[in-house]
Amino acid sequence: MTWEWDVIWKYFPRLLEGAWLTMELVLISGLIGIALAVPLALMRASSRTWVKALPFAYIYFFRGTPLLVQIFLVYYGASQFEAVRESLLWPVLKQPYWCAIIAFSLNTAAYSAELFRSAIQAIPTGEIEAAEAMGMSKSVQIRRIIMPRAFGIALPAYGNEVILMLKGSALASTITLLDLTGMARTIIARTYTPLEMFLAAGFVYLAISALIIALFRFMEYRFNRYQYYHHSNTPDDLDPQLRDPHIDQK
Amino acid sequence: MDLQGFGHLLISGTWMTIQLALSSLLVGLVFGLIGAAAKLSKNPLARWLATGYTTLVRGLPELLLVLTIYFGGSQLLMWIAGWFGYTEYIEIGPFVAGVAALSIAFGAYATEVFRMALLEIPKGQWESGLACGMSTLRTFFRIILPQVWRLAIPGLGNLFQVLLKDTALVSVVGLNDIMRQSQVAISATKEPFTFFMVAACIYLLLTAATTAFTMFMERVANPAARGNRA
């Protein structure tokens, strides 16, 4: 087997261009996804059946089918209808870039809505009751108590979802986009060095996920600071009778 | 809904998807068990290898894995075969490449599930097995594994759902699964939305069946919880 390092070095800048598009796709669809997920999660956490039904069906469909089907449904499927092709949306829907963003956003919205819902339901009842006792209306409760609390609870799980989204973004290459995977495939078609190029692309993916993990660790530390708080230990020569076992944990 | 005579094609694709998913599950479970054993072993090299495997694979897109094994796998295999003096051309078909890629990905996540489950088993279970005169391997298969199943099945069920959805990626390298067959139907009928929607519904049915099966398995693996049904 011949291993060609030169090819990796020569085409690495092109791979980074692809990585840029990958990160752009993840960031934009992640933001749209959150915007869609929050109302979905609030509706899904409702106790009324008719409010719950629609988000439930939406989440069930998008979590139960492969992302590839969803991308193809948006990119190829939309063109089946005359009405879509003649509508104002067509200039957007005929571009693979926007189709990828639409599909990724809808997909991640379903997964994150489920995360946010479980976070909303994990908020201790006492905190909601306290807000009610303070005379907060439902909307003030959502804004001041439920959203900030759910955000902190959902943060670690949402970090995983972003990593999954990064991995899913490789599917953009199936609809002709030159993201990291797409770029690697184009270069391979020219140089025929599949192992070298895919390995290089894989390392760029690992670097991006390491970056995302570091970012979320930092955010967790920042927003869930109460979990990282440690009492400073009392001095060792303190009278044993004055010790408080709750503070004195080593 | 009018499938215009392409229904049998979709059914054959569904069968292919099921075969691919089950084969990858079987191989992936073996990878997962080996990975968990290595992560919990006393040998630092084994631990290091297993950690490298899970970190690496969980950070890579599954599509990249499928493409690498399909396009680069034969090169790699021929290189290894070259050591043993075998110089003929080796070709990797889409099915084998798919099973390899999906089971490697499944195994990396399953390693974590099995590791957590193994850690949950009290040490006394091991000790009593050994005290009864069983070998380590027999204790593992007779005493530990049945209890690990009970703890691991919910996690493994979720992973299998992910695996089932990832099988669609193997259509990119030309396996005649649901996705590929619906694309064939689309190229003849020019109705992409209809056929991709049918494909989506087939996947929904498969995932729903998996959920039901996982719940059934959870009940089977946990006889203790079945006792007091009110």
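Modeller: Before we look at two helices together, note that angles under 35 degrees count as roughly parallel, over 145 as roughly antiparallel, 65 to 115 as roughly perpendicular and the rest as oblique. This is a predicted model, in which local features need pLDDT of at least 70 and side-chain atom pairs count only at pLDDT 80 or more, while totals for chains, interfaces and linings use all residues. Residues are numbered from 1 along each chain as its sequence is written, and chains are lettered from A and ligands numbered from 1 in the order in which they are written.

Biologist: How are α9(A) and α10(A) oriented to each other?

Modeller: Axes are lines fitted to C-alpha atoms, for helices over the stretch in contact, and angles run from 0 to 180 degrees between N-to-C directions. Here the axes of α9(A) and α10(A) cross at roughly 165° and come within 9 Å, so the two helices are roughly antiparallel.

Biologist: Which residues make the contact of α9(A) with α10(A)?

Modeller: Two residues are in contact if their C-beta atoms, placed from the backbone, lie within 7 Å. Among them are A:Leu180 and A:Ile187 of α9(A), together with A:Met197 and A:Phe198 of α10(A).

Biologist: Is B:Leu49 buried, exposed or partly exposed, and why?

Modeller: A residue is buried if 20 or more other C-beta atoms lie within 10 Å of its own, exposed if 12 or fewer, and partly exposed in between. B:Leu49, found in helix α2 of chain B, is partly exposed because 15 other C-beta atoms lie within 10 Å.

Biologist: How many residues does each chain bring to the contact between chain A and chain B?

Modeller: Chain A and chain B bring 29 residues each, and α10(A) gives the most to the side of chain A that touches chain B, with 8 residues.

Methods
Helix = DSSP H or I, 4+ residues; strand = E, 2+ residues; numbered from the N terminus.
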